[in-house]
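Take a first look at the fold below. Then follow the text from the sheet to the metal site.

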Amino acid sequence: MIVHESVAEHVYPRLPVFLQNAACWYYGTKESQQRFGKLFDQHLNTLLESEKWSASEIEAYQDEKLRGLIRYAYENVPYYRQRWQSLRIAPADIQSRADLPKLPVLTKEDVVRNREQLLSRAVSRKELAFRHTSGTTGKALHFYMSKESIAFQWAVWWRHRLRFGLQPGSWHANFTGKRVVPLVQQSPPYWRWNRPMRQALINMHHITPAKIGSIVEFLNSNRFEFYSGYPSIIHALATTAREAGLALTSRPRVVATGAENMLDFQRRDITEFTGAILTDQYGCSEGCGNASHCPEFAYHEDFELGILEAQERAAGDPAKTILCTGFASEVFPFIRYEVGDTAVWGSEAKSCLCGRHSRTLSHIEGRKDDHVVTPEGARIMRFDYIFKDIVNVKEAQVVQQCLGEVTVRVVRRTTYDLKDEDKIRTEFGRWSSAALKVNFQYVNEIERERNGKFRAVVSNLKRSAT
Ligand SMILES: [Zn+2]
């Protein structure tokens, strides 16, 4: 939303509320043009047709897209050419989805180390959008996308919402981790309007016992067709409101979540609070794979955007590692990219009751993190924002032992120094709470859970304190 970092950082928080709303309008208009232009309409219309295809039509489409992608990467992307040549793999070896296991897996560390080599030589930088994310492990990941692919990704996301009767242009409340309302603000309004995108924005930092009354009153005094955002933030809204004895009188019809996996207790609490239909989509910020609920609540692979491949982890384990191969943005191709999640695939023999023939995932196991409680009482689960530009951190985990402080466990790169520590401390102040004390612990590795998953946030607080 808030595009230019330095403006966002220094100017925006000091503006009066009406100018912050105007800034949201300005960026919302730009955002809306980028996402919802003519291209978006074309993509959405095509996607609404292709989701009716038979299994063999889908297979033929994906195989053709894959052959094109592999040829393109071999001819234009130095990283793939070198790596495949050293393994004696030629484009002709990859004829279909079934041939993918012949190619090596691309890890996040490969992307960090080879960013410039992963960029296509056939494209000018003007056509690219730069992206940064930190994902689950705190590893800062920088990459490029073609500007065109942004509209395509949004069309895929809106196809999902259309399945539940929503339309681009439906008014909604978006629960975000971005600091649209500055952290220091101590009186309402704890929301901002982004009217071109038809949304009210509420950031997680203000969902606290002291402010929840105003937020629920705001939600009740408006007619929002749906809520969107991370499950963990909407869950914080539901539980903080419930604990304050507050209820929704103006309810959304649908809650559309994404970007992190929905846990059972979150689903239960959100449904109880909103009374809405809950629908979810799975995706990654790298834009190379996506799966969206159908009305039967199966996750259908959005096969036009890319392939979600199942890689065996251990014999007999129904959960498999997800590897993504993306079709939408060949300028920086992700091929067999290990995104860090696992899933249980649906049966290929049985097609879904909804009538769609694309592959399904019945269950996705993404992050299962705890949350940190700030001195103000906000429950913060997402710290990706903090680490996305700290390139000297290899991995990081946030641990809370007691109220008022956290310990950041860091695996350093050799270039890490004390300035990085200051930077992280400052970022915590900006993204979570200025009153939170931040300690550091340096480790050689961060141990995984027994199932191999990385936990970004660990809370050892007694439940009663959370
Ligand atoms: Zn279905």
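The paragraphs below take the sheet first and the metal site second.

This is a predicted model: local features need pLDDT of at least 70, side-chain atom pairs count only at pLDDT 80 or more, and totals for chains, interfaces and linings use all residues. Residues are numbered from 1 along each chain as its sequence is written, and side-chain values use heavy atoms, leaving out hydrogens and water.

Start with the sheet. Twelve strands (DSSP runs of E, at least two residues, numbered from the N terminus) form an open sheet with mixed pairing. Two strands pair if DSSP finds at least two bridges between them. The order is S4-S5-S3-S6-S7-S8-S9-S10-S14-S13-S12-S11. Strands S4 (192-194) and S11 (306-311) stand at the edges with a single partner strand each, so one side of each has no neighbour in the sheet.

Now look at S6 (residues 226-229) and S7 (residues 254-258). They run parallel, joined by four bridges. Gly229 stands opposite Thr257 in S7.

Turn to the zinc ion. Its donors (N, O and S atoms within 2.8 Å of the metal, or 3.2 Å for Na, K and Ca) come from Cys294 (SG), His300 (NE2), Cys352 (SG) and Cys354 (SG), at 2.1 to 2.3 Å. Along the chain, the donors follow the spacing C-x5-H-x51-C-x1-C. His300 lies in strand S10 (residues 299-301) and Cys352 in the loop between S13 (337-345) and S14 (360-365), so this pair ties together parts 52 residues apart in sequence. His300 is buried (under 20% relative accessible area; exposed is over 50%, partly exposed in between, with a 1.4 Å probe and protein chains only), at 0%. Cys352 also counts as buried, at 17%.
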